[in-house]
Amino acid sequence: MSVVPVFQKILRWGGILALAIAIIGGGIGYLVADVPGLVSALVGTTMSILFMGITAGTILLALRISANPSDIGTFFGIVMGGWLVKFVVFFVIIFALKDQQWLQSIVLFLTIVAGVLGSLVIDVVVVAKSRMSYVSDISLPTEAVDED
C-alpha cells in the first residue's frame with residue numbers, strides 16, 4: 001500500500017486548515033489591528049502552508065529516492081535536510097519581517113502557532129486512521145504455497 005494517499009489527505013486537510021486560519025485569523029486580525037492585522041494573518045497562513053508543503057514534499061521525495069530498505073540513511077537524510085531547510089527559511093523570514101510596520105507581530109505569531117499546532121493534529125489523526133501496515137512484503141505461513 002502506498003503512503004501517497006495519506007499525504008494527499010494530509011495536504012487536503014492542511015488546505016482546509018489554512019483556509020480556516022486565513023478567514024478566522026484574518027477577521028480577528030482586522031478587528032484587532034486593522035489592515036496590518038489582516039495582512040499579518042495572511043502572511044502567517046502562507047508560512048504555515050509553505051512549511052507543511054516542505055514537510056510533505058521532502059517525505060514524498062525521500063520515499064521515491066530511497067525505495068530500498070537499505071536506503072534508510074538516505075531517507076532520513078532527505079527528511080532531516082528538509083527540516084533544516086524549514087528551520088533556516090523560518091528564521092530568515094522572521095528576521096526579514098521583524099520590524100516591518102505593515103505587520104502586527106502578535107497576529108503573525110498566533111497564526112503561525114495555529115498553523116503549526118493544527119498541522120500536527122492533522123498529521124497525527126490522518127496517520128493514526130490510515131490503516132497502514134506496520135510490515136510490508138511479508139507472507140504468513142498460511143499463505144505459503146506448498147509445492148509437494
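Helices (H or I, at least four residues) and strands (E, at least two) are DSSP runs, numbered from the N terminus. This is a predicted model, where local features need pLDDT of at least 70, side-chain atom pairs count only at pLDDT 80 or more, and totals for chains, interfaces and linings use all residues. Residues are numbered from 1 along each chain as its sequence is written, and side-chain values use heavy atoms, with hydrogens and water left out.

**Exercise 1. Work out the overall fold and how the surface is made up.**

Step 1: Count the elements. You get 3 helices and 0 strands, and from the N terminus the order reads α-α-α.

Step 2: Check burial. Buried means under 20% relative accessible area, exposed over 50%, and partly exposed in between (1.4 Å probe, protein chains only). Of the 148 residues in the protein, 30% are buried.

Step 3: Look at the surface. Accessible areas come from the Shrake-Rupley method with a 1.4 Å probe; for residues, only the protein chains shown count as cover. The protein exposes about 10,200 Å², with 71% of that coming from carbon and sulfur atoms.

Step 4: See how far apart in sequence the partners sit. Contact means heavy atoms within 4.5 Å. Take the contacts between residues at least 6 apart in sequence: 76% of them join residues at least 24 apart.

**Exercise 2. Find the nonpolar cores.**

Step 1: Set the rule. A nonpolar core is a set of buried Ala, Val, Leu, Ile, Met, Phe, Trp, Tyr and Cys residues joined through side-chain atoms within 4.5 Å.

Step 2: Take the largest core. It has 13 residues, and Phe7, Ile10, Ala62, Val79, Ile122 and Val126 touch the most other members. H1, H2 and H3 each give two or more residues to this core, and H1 gives the most, with 8.

Step 3: Now pick out the second core. This separate set has 8 residues, including Val43, Met47, Phe51 and Ile54.

Step 4: Zoom in on Ile122. Skipping neighbours within four places in sequence, Ile122 is in contact with Ile10, Trp13, Gly14 and Leu17.

**Exercise 3. Describe the second largest pocket.**

Step 1: Fix the terms. On a 1 Å grid over the protein atoms alone, a pocket is an open set of points where a 1.4 Å probe fits, with protein on both sides within 12 Å along at least five of seven lines; lining residues have an atom within 4 Å of a point. Grid points are joined across faces, edges and corners, and a volume is the space filled by probe spheres set on the points.

Step 2: Read off the size. The second largest pocket comes to about 490 Å³. It has 22 lining residues, and Phe51, Thr55, Lys86, Val116 and Ser119 are the closest to its centre.

Step 3: Assign the walls. Helices H1 (4-65), H2 (72-97) and H3 (105-128) each supply at least two lining residues, and H1 gives the most, with 10.

**Exercise 4. Compare the settings of three H1 residues: Gly25, Asp34 and Thr58.**

Step 1: Gly25 is buried, at 15% relative accessible area. Beyond its neighbours within four places in sequence, Gly25 is in contact with Ala20, Ala41, Val107 and Thr111.

Step 2: Thr58 counts as buried because its relative accessibility is 15%. With neighbours within four places set aside, Thr58 is in contact with Ile78 and Gly82.

Step 3: Asp34 is partly exposed, at 42%. Asp34 also has a positive phi of about 60°, although it isn't a glycine.
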